Amino acid sequence: MFSGPVIPSVIICILPLLAVFTCMLILVKEFKFLSGVFSILLGLFAVIPIAAIQFAIEYYHLVSVHSLFQVLVKSLLINGIVEETIKMLFLFFISKKHNLSSFFSCAILSGLALGCFESMVYLISGIEHLEIRMLTAVIIHAACAGLSGLFVYSIKNGSTKVLSFILAILLHGIYNYFAGFKMDSFFFWFSLVVVLVSIVECRIRYRSLVPEGLILFQ
């Protein structure tokens, strides 16, 4: 269990969120401060139904785990389908008035907020290989929220790109599967590969919507 100073630790957990928020305000012309705050709140509110559903799954033993394959299935269900579906649904509350770069920024901030909250949970629980897990969890949440955001944006603009959402589910579930291995295991390091793939996929899917002019991921 965590026993260090609370306030400095909380600040460390939210630094990625504050840093990215600041960068977006500077670099993304259409992105507004209030839109960012609203997006962060969306990410935090998404924690409530996610936690409730995951608690019910664990409490009622709805998913049996007796093999590595079943662990993968559980990760895809709980971390992939449950988390990413709820995160995606909350993104529909972002106004349609945003252009692609602004909407994408809002989606990433929403995911970052949830990821930073998860980092605090890891810090309190004293999870193994804490620093790497905290960092990668923040990135995977942000990247998968970005992919889901592109899916939601495409729906709002009449050209549904479902592959982005499917990738968000698969990448998050597979990340959690490999991140569950001990750090001295060869398989653990595949979680870092998945994080990198999620970043690359964000760039590819973003560019596919607006090939000619990007503010992010040039």
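**Entry 1. Salt bridges**

I began with glutamate 201, which forms a salt bridge with arginine 205, the closest N and O atoms being 3.0 Å apart. I note at the outset that the model is a predicted one. Glutamate 201 and arginine 205 are four residues apart in helix α7, and being so placed they are separated by about one helical turn. I then looked up the exposure of each partner. Glutamate 201 counts as buried, at 15% relative accessibility. Arginine 205, at 21% relative accessibility, counts as partly exposed. The cut-off explains the two labels, because buried means under 20% relative accessible area.

I next asked how many salt bridges the structure holds. The structure holds three. Another of them joins the side chains of lysine 74 and glutamate 58, at 2.8 Å from N to O. Lysine 74 lies in helix α3 and glutamate 58 in helix α2, so this pair ties together parts that are 16 residues apart in sequence. I recorded glutamate 58 as partly exposed, with a relative accessible area of 39%.

I also found the side chains of lysine 87 and glutamate 84 meeting in a salt bridge, at 2.9 Å from N to O. These residues, lysine 87 and glutamate 84, are three residues apart in helix α3 and are thus separated by about one helical turn. Are lysine 87 and glutamate 84 buried or exposed? I find that lysine 87 is buried, and that glutamate 84 is buried as well. As background, I note that side chains of opposite charge can pair when their charged atoms come close.

**Entry 2. The nonpolar core**

I turned to the interior. The largest nonpolar core has 61 residues, and Leu17, Phe31, Leu109, Leu112 and Tyr175 touch the most other members. I asked which helices each supply at least two residues of this core. They are α1, α2, α3 (68-91), α4, α5 (130-156), α6 (162-179) and α7 (190-209). In soluble globular proteins, nonpolar side chains tend to be buried together.

I followed leucine 17 further. Setting aside residues up to four places away in sequence, leucine 17 touches Ile40, Leu109, Leu112, Ala113 and Cys116.

**Entry 3. Two valines**

I looked up valine 20, whose place is in helix α1. Valine 20 is partly exposed, with a relative accessible area of 26%. Not counting residues up to four places away in sequence, valine 20 touches Leu109 and Leu112. Valine 20 and leucine 112 are 92 residues apart along the chain, and their C-alpha atoms are separated by 8.7 Å.

I then took valine 47, which is in helix α2. At 15% relative accessibility, valine 47 counts as buried. With residues up to four places away in sequence left out, valine 47 touches Leu114 and Phe117. I also recorded that the C-alpha atoms of valine 47 and isoleucine 14 are separated by 16 Å, the residues being 33 apart along the chain.

**Entry 4. The nonpolar surface patch**

On the surface I found a nonpolar patch of about 1100 Å². Its members include Leu25, Ile26, Leu27, Phe33, Leu34, Val37, Phe117 and Val121. Which helices each supply at least two residues of the patch? I find that α1 (6-27), α2 (33-59) and α4 (100-125) do so. The largest share, seven residues, comes from α2.

I chose leucine 34 as one of the patch residues to examine. Leucine 34 is in helix α2 and is exposed, with a relative accessible area of 67%.

**Entry 5. Aromatic rings**

Last, I looked at ring pairs. A pair of aromatic rings is described by the distance of the centres and the angle of the planes. I noted that the structure holds 17 aromatic pairs. The rings of tyrosine 177 and phenylalanine 178 have centres 5.1 Å apart and planes at 65°, so this pair is edge-to-face. Tyrosine 177 and phenylalanine 178 are both buried. The rings of phenylalanine 186 and phenylalanine 187 have centres 5.9 Å apart and planes at 70°, so the pair is edge-to-face. Phenylalanine 186 is exposed, with a relative accessible area of 59%, whereas phenylalanine 187 is partly exposed, with 42%.

Which residues do ring pairs link into a cluster? I list Tyr177, Phe178, Phe181, Phe186, Phe187 and Phe190.

Terms used. Residues numbered from 1 in each chain as written. Predicted model: local features only at pLDDT ≥ 70, side-chain atom pairs only at ≥ 80, totals over all residues. Heavy atoms only, no water. Patch = residues over 30% accessible without salt bridge, like charges linked within 9 Å, V, L, I, M, F, W, Y side chains within 5 Å. Areas by Shrake-Rupley, 256 points an atom, 1.4 Å probe, with all protein chains shown as cover. Salt bridge = Lys/Arg side-chain N within 4 Å of Asp/Glu carboxyl O. Buried < 20%, exposed > 50% of the residue type's maximum accessible area, 1.4 Å probe, protein only. Phe/Tyr/Trp six-rings, centres within 6.5 Å; stacked < 30°, edge-to-face > 60°. Core = buried A, V, L, I, M, F, W, Y, C linked by side-chain atoms within 4.5 Å. Contact = heavy atoms within 4.5 Å.
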